[in-house]
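Reader: Before I rely on any descriptive term, I would like to hear the reasoning behind it. Could we go through the terms one by one?

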Amino acid sequence: MLLYCVKRLIHAAIVVWLVITVVFFIVRLVPGGPVDALLGADYTPEAARVLERRLGLDQPLIVQYGEYLGRTLSLDLGDSVAGGTSVRDMLVEAIPRTLSLTLIGLVVGLLLAIPLGARAARRRNRIAGPVSSGVGLIGLSLPTFWLGMLLILLMAVDLGWLPAYGYAPMEEGLGQWLGHILMPGTCLGLAYAAPLVLITRSSMAEALREPYAQMARAKGLRESVIMAKHVVPNAFIPVITMAGIHTGGLLSGAVVTETVFAINGVGRVLVDAITNRDYPAIQGVILLISVVFVVVNILVDLLYAVLNPRIRLIGGTA
Amino acid sequence: MTTTATTRTSVRSRLLHDRLGLVSMAILLVLILAAVFGPMLSPYDPNSQEHDLLLPPSGAHLMGTDSLGRDVFSRVLNGTRVSVAVGIGVALIGGIVGTVLGLLAGFFRGWIDDVISRLVEVQWAFPELIAALVIVSILGNGFGNVILAISITYVDDFARLVRGETLRLRDSEFVTAARVIGMRKTPMLAREVLPNAFGPIIVQATSAVGAGILGEAALSFLGLGVAADTPTWGLILSDSRDFFHSAWWLAVFPGLCIMITVLGTNLFGRALQRSFGTSEAL
Amino acid sequence: GSSGSPAESAGAGSQQARRGGSIKAAWNIDRFLTLDPQRTTGFDQLALLVNIVEGLTRLTPELDVEGALAESWKVSEDGKTYTFKLRKNVVWHNGDEFDAQDIIFTHQRATDPELGSANANLPPMEVTAPDDHTIVMKLEQPSGLLLTQLTAMPGAIMGAVNKRALTEMGADKYGLTPVGTGPFKVTEHVPGDHLTLTRHDKYWEAGFPLLDEVVIDLVPEPTTVQSALLSGDVQFAHILRPQSYEALRRSPNLVVVSEPGVGWSGMWMNYKSTAAPYLADPRVRLAFAKAIDRKTLIQKALFGQGDPGYGPYSLAVKWAYDPKVPTSQDYDLAGAQKLMSDANVSNVSLDFMTTPGFERTDQVLADMLGKIGVQVRLTSVEKSVYSARGYRDSNYSILHSGSASDPDPDDSVYKYFTTDGATNTFGYSNPKVDDLIAKERVTPGRAERAKILWEIQNLLISDVAAVFTYHSRDLLGMSAQLKGYQKVPELRSLRTVWLDK
Amino acid sequence: MTANTSAAASSATERQPLLRAEQVTKYFTLGGLLERIAGKRTTVQAVRAVSLTVGRGETLGIVGESGCGKSTLGRTLLRLYTPTSGRILFDGQDISTMSEPELRPMRKRLQMIFQDPRGSLNPRQSVDTLLHRALGVHGVRGDEAVERVALSLRQSGLDPSRFAHRYPRELSGGEAQRVGIARALLLEPDLIIADEPVSSLDVTVQAQIVNLLMRLRGERRLTMAFISHDMAVVRHISDRVLVMYLGRVMEDAPAREIFRDPLHPYTKALMDAIPRPGFEPVGLKGQVPSPSDPPPGCPFQSRCPKKIGAVCETVEPVLTEVEAGRKVACHLHVAPEEAP
Amino acid sequence: MSLLEVADLDVAYTRGNTRMPALRDINLTMERGAIVGLVGESGSGKSTLGLAIAQLLPGNGRVTAGTIAFDGTDLTSSTQAELRAFRGKRIGVVFQDPSASLNPVLTIGEQIAESIRLHHDTGESTSLLTETLRKYSGGLARRGRSWAMAVDMLARMGIPDPAGCARRFPHQLSGGMRQRAAIAMALSGEPDLLIADEPTTALDVTVQATILRELVELVREMNTSVLLVTHDLDVASYFCDRIAVLYSGQLFELASAKEIFENPQNPYTQRLLASQPNIDDESAELAVLEGDVPDPADELAGCRFAARCPEAIDLCRSTPPRLVTLPERLVTHDREHQCRCLLRDGTATAAAGGAGHQVLHARRPAGEDRR
Ligand SMILES: Nc1ncnc2c1ncn2[C@@H]1O[C@H](COP(=O)(O)OP(=O)(O)OP(=O)(O)O)[C@@H](O)[C@H]1O
Ligand SMILES: Nc1ncnc2c1ncn2[C@@H]1O[C@H](COP(=O)(O)OP(=O)(O)OP(=O)(O)O)[C@@H](O)[C@H]1O
Ligand SMILES: [Mg+2]
Ligand SMILES: [Mg+2]
């Protein structure tokens, strides 16, 4: 186990290092730079030079990279090129928002996908089948930004039930928080749910044909218990793999959702950073995301082991 | 795949006798025809702004006109080529590359797995949209680049999924049986492991088709789609967002087209799966 | 004066202004990169900054100049010496007393090459403070712009900064929460999220501001801004897209203001383009200009929210606007086609560089150019790339450009059309224009300046320096409960606004 | 002349040993997440130091309690598992350390009938496809393949026209098993490890399969290791019988003799439990030991009705040849020269 | 009323788009406490019959005609909810493939205990929530009375260390242990009818003996009826009161065990008995029944065994025989001896002047060899 943990950690570190290295160089390949972004349309060469010196962009790339690695190792993510804020503060501010958003997205997505997929897997169900296909198709066919805007129009403008945009931290009360996060979360959740509905349906349908499901039926268990206790844990490996995979999509979705709903979360910080060529911020966000993903990865593996005792952790499973 | 003539024909004939399979093939055929002949069939120039603004659907404009006075039907028809190509391209490129990587990693384990898994994780750490955005920014936009950019971002999804399935399958008895008959590893992967991982791959591919089309839309939304003057379903949909209340047709038709494409690929995948021997229809 | 606001058209102009209340305002922007008056460049930021920072002067809704930190001023006969009497009752947000040294410091900072201010185009001058409440500026040449440049305005960098606060906070922090003398102070700024403005109790102008608090939420998606206004989540939206105009105008709870903006829009044609060398031919450029049906363009792309443009000066700058613009560039398809064939240019295809936000207009432009046999390929690039390629590297054939937020007409020509103008990347060069611009800049009287400016305009039009297309409108929306708003084009001063509940 | 008598006629020395195992051992390491965290790993000692020899054309029956390691031994002999230690010689070549590519040319000659018939059939392949694939691997295609597939199905008692297009899910238990048999026969191997090949077949089909295997042995000198619970079938088909218990060989003797006169107490118990018309089933009493924690001494001591005392609990008996061709591992039986 | 009355049952599977009959015209009655053996050629439909009775046919299988009356209720027309009341408590099933029918992710103990909770009043909650929680919380699962009863059940199956075994997952057990667990599970509801599909194939003879002994004891104790599918005729002869012989989807013979072994009347049954390898028999070649079983799906004009039957006469190939109770002169022990053969039911005798009878006595039933 110790060996496994160590190996796992080393791998995680390698991944994180690769990620930040790739980002470091790739963002510098993108045309335009922080100077263009900060100084606007017209600026003097002196102004550019001064700014470059301030941002350390006048040094050779490899030196910049070395310094960056050194700083990152000491957990210093640097300051935003715009100045005034450290990337860490930006993230500290943004993380709870994105966390709330993706959490609701995850919950909504799973609450939508799994019961629907499970019901649809039982072929006799005349309602769940089409509904689940519907959710799957809508989720896969309508862009998140479009759904978001439609939701705002409906829930905020026409009905006036929920605030049109923004985020309220939990300290302002659970109701406030939920009110703000519900709509974007649902919007995100729907997109997240779509592939999950399909995979749940397909793998559950397969698991339902297994003899142990027949056996459970032969015992006289209720259909709901058969599903929850016998089929779900077995059918869930691909669902979890898929769910894990699509947490990536969840973040992509968050980029758009946060823009539409004006939530200053990690996704928007990243988009802003890219627009402004805010290298330290881009690097910081991607570092964060890669760490999160590495953790998600490990969690998914552990979840496999919890669900299915046959899974051996050594070597890991997807 | 070369098996005997009998099995090949039987897959084909089963596919041809599958009702939903036929429906799906009809959908895909229509889409392909629309993609190929769309520009010829389109009643108007898709970019011509000669019509009145925001006309609801009518005989002259089957899907109405948009806010610049363009014929939506012509745009949707012309958009088929790009959107279907992006969607299916992403599913195919991402699917093939990812599946191969996943198979190799899951099957051979060891250092191959380590290398592939690490690379896949690295790619996974970049949110798809962002990665596509950056790639397009570097390569410049345009049809090929957009397909490439979005496809690359989906490789990891397939790779992870297939690796998981491969791990699950590689120790199964029928794979051992294939070893016993002396099968080489490559055919073993292709014929024993892969077909059994088909279910999740199909689902993933289906969502990749949708995701590809929407990815292009999201890039358009951020201004980096195929091109500002090439109609795509995503672009049309993205343009529709200012007219929720006043012009439903702007969103409904491209949305329906995407849905039908996703549905078509999904059904086709499932039919294919059935024809390859999952016995029961859903 | 504080009356005659265009927003008063919302009615109830006679009502008594009430103090108190707090409102929410949506700024359609990702983030305020910096609110440091000497460093900021974005119009959206400057539009906000008028509430926080002041210069010696300020603009009136008519774009006249009135005193702000300066109570009054005198200009010497030769137009080279300006003597400002400063107000005595001005207190900084941090409680410091305002005096002449602050202006000296501000000027030093603004002209410090180390700071690398992008807008350091103040005329060379010597600034002295004979006493605590007097400032003397000695110029080398007279200036027609100085008073405008001393407002805290786009293109101007003389918004007063507080030295103590600046050294205490450091320049970067100061950029987030600047300390000014304006009617509101920044009490909280979460970059990319929101900014809280609180009433500056010791503001020098008696009775103002009226609101206790303004929370500025940053809402990057314009559709959401529109929805938030409609749903009442915000009472003020600093900018609206033309497509929102109709939808919002119909709502009884809202007031939508549509006024001519300042600046111009048009197509830059790169004379140096190797891909399209014919762009150097004025006949081709004229053909392009004649191919544009500006009315239709405005109708389609801007939903009517714009004014046809044939020259650089907009309707808002009334004193410089000449309603008798030459008609040589008027829409004339046949003429355009003829010019094209004269120039022997036919069936060409052209890359039109566009960026999100311009896509709508550019699609219409592309369509119109198509009518004279120019196959336009629209390539959309991201904002940063757009400005790098368009404003620095001159790497394009044709693009949609122009200027915005130009309270003084000089801003509409100087950087763009002088031979080595900072953003003249398309290669226009006319010595006569250069001379006239130089002259206009040192001509103090508005009447004389206007004549020179018109001359410049006529030359630009006859040279077809660029194709002027329209002047965009300055659109904003607010709740009908907000009263007393005074609209200065492109600025969003909330000083006189009050909440009628 | 039946195969059995032919086998008896040819003397053991005349036969070339086709397969030979020396001290083959196979351990598995087990442990779930929790065990790993607690540092508790279990090693299942599935096969412990098994040596055996199978001559060309000979059939070796392998019997023993469920879980005693028969399948593991069979799979290790085929190098589906890599032995933990020991040597495996096939036709004179040491295959115990060969890599998979090196083994591949041999695979055609070494076949297996799997204990779990359905699991060994790819659910996505029709019977036809999977049989053709087995031939295709070795380059047999076209008409010849079609003929051979049909023949092997027919030999296994399946009508090709009925079963060729079915998928494993659509087969009954016995049908699936016969498809597995057909696949093993298809490649005309020299050696078949048959792991419970007839366990789910009814007696008529079983008879057909057993006869087929015996005929092939006669005709082609097919060599077999035949793992089964069905003592009657084992008796019918085997030349020699290996009795295993807890991963160990307890007795190794010619079939006739072992059935006539079982030496080891466990073998005796096995014989007594064979269902006969009108039999009374009597099982063994006592604690069944676990392969992950084998007891000291004789593996069978906890259940042995003839335990002779402390020696059984402390000293592990070695497999010794007590008569010509008869080996047994029991303290009751010692080699002739050691006998007092 | 009999416990189970299967009347005119037809079952078909759908393969591709065609419907393939698998069982035809099955009539079978089981009394309370009776043990009926079901033997027959592989693929003849034994498992199908068992599954049909339990209403657990796979997705592509359907009852196409006939009724299955269990204790007076027709199961074929019952809803899923109604069926649930029967399953486990009244009808227990051991599937042919016990390894596959154990859920790989639940402990053995929990799988048995959940069935106990359903059918005994243990005072434990069987709500969806608690049942699901038990999967993830071993502690919760092991707390109740049902767990103790499950361990007890395993002990009765002769499993060593039953408490430890209960906590393990199926893959951690050997094939034999799994099979025993499956039997324990089926018996835990103390059903009135146990359908056991080849429950001892994976077991070595010593364990098989233990299990069978245990099973007989339990069954007698609980007065359970058993439908035992097996291909081991010796096991059937030991265990069963009556034996049903299935061939190509049809019942060919049905009589008491003793009668079947000592006086098999149907030619197929006779061949079946003759094929049985005999442990005490030295003869090398096993008696083989030449030819193929017809697919249960094939429509044949006459007797389904006619093609392979050495006694078949022309009539057999054209007239389908019916399952009839044999005349007294043909039976030795069992008056209820039913047989499907034209040569025995008098039809052929009537047509061919008693030729059938001749044939019958010309051959000695194979079973007699073993006396
Ligand atoms: N892959 C494996 N991993 C861990 N343990 C295993 C594995 N395969 C078998 N075992 C264990 O090894 C021992 C021997 O198993 P094996 O399958 O060889 O028995 P067997 O004699 O074939 O039994 P049966 O008659 O039930 O088939 C058992 O205790 C089993 O649990
Ligand atoms: N799911 C299925 N789909 C199609 N056909 C099936 C299916 N299951 C069984 N069959 C066919 O139905 C017939 C009866 O099968 P069944 O499993 O009842 O036989 P069985 O008597 O139990 O045989 P065995 O002793 O080999 O288990 C066989 O011909 C088989 O091929
Ligand atoms: Mg085994
Ligand atoms: Mg069966």
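Reader: What makes residues 94–114 of chain A a helix or a strand, and how far apart do the end C-alpha atoms of this span lie?

Author: In this predicted model, the span 94–114 of chain A is 100% helix and 0% strand, and its end C-alpha atoms lie 29 Å apart. For residues 177–199 of chain A the values are 100% helix and 0% strand, with 31 Å between the end C-alpha atoms. Both spans are among those that an unreviewed UniProt entry lists as "transmembrane region", and that label comes from the record, where annotations may be inferred rather than shown by experiment.

Reader: Why are Ser47(E) and Gln96(E) called donors of the magnesium ion (ligand 4)?

Author: A donor is an N, O or S atom within 2.8 Å of this metal, and the OG of Ser47(E) and the OE1 of Gln96(E) coordinate the ion at 1.8 to 2.2 Å, so both atoms qualify. Because Ser47(E) lies in helix H1 (residues 46–53) of chain E and Gln96(E) in the loop between strand S6 (91–94) and helix H3 (98–101) of chain E, the pair ties together parts that are 49 residues apart in sequence.

Reader: Why is Gln96(E) called buried, while Ser47(E) is called partly exposed?

Author: Buried means under 20% relative accessible area, and partly exposed covers the range from there up to 50%. Gln96(E), with 18%, is therefore buried, whereas Ser47(E), with 22%, is partly exposed.

Reader: Which protein donors does the magnesium ion (ligand 3) have?

Author: They are Ser71(D), through OG, and Gln115(D), through OE1, lying 1.8 to 2.1 Å from the ion. Ser71(D) belongs to helix H3 (residues 70–77) of chain D and Gln115(D) to the loop between strand S6 (110–113) and helix H5 (127–137) of chain D, so this pair ties together parts that are 44 residues apart in sequence. Gln115(D) has a relative accessibility of 34% and counts as partly exposed.

Reader: What makes H4(E) and H7(E) roughly perpendicular to each other?

Author: The axes of helix H4 (residues 108–119) and helix H7 (residues 145–156) of chain E cross at roughly 115° and come within 8 Å. Angles of 65 to 115 degrees count as roughly perpendicular, so the term applies to H4(E) and H7(E). The residues making the contact include Ile112(E) and Ile116(E) of H4(E) and Trp147(E) and Met153(E) of H7(E).

Reader: How do you know that no contact joins chain C and chain D?

Author: Contact means heavy atoms within 4.5 Å, and the closest C-alpha atoms of chain C and chain D lie 44 Å apart, with no contact between these chains. Chain C and chain E likewise have no contact, their closest C-alpha atoms lying 42 Å apart.

Technical notes:
Residues are numbered from 1 along each chain as its sequence is written. Chains are lettered from A and ligands numbered from 1 in the order in which they are written. This is a predicted model: local features need pLDDT of at least 70, side-chain atom pairs count only at pLDDT 80 or more; totals for chains, interfaces and linings use all residues. Side-chain values use heavy atoms; hydrogens and water are left out. Donors are N, O and S atoms within 2.8 Å of the metal (3.2 Å for Na, K and Ca); water is not among the atoms, so sites may look incomplete. Helices (H or I, at least four residues) and strands (E, at least two) are DSSP runs, numbered from the N terminus. Buried means under 20% relative accessible area, exposed over 50%, partly exposed in between (1.4 Å probe, protein chains only). Axes are lines fitted to C-alpha atoms, for helices over the stretch in contact, and angles run from 0 to 180 degrees between N-to-C directions. Angles under 35 degrees count as roughly parallel, over 145 as roughly antiparallel, 65 to 115 as roughly perpendicular and the rest as oblique.
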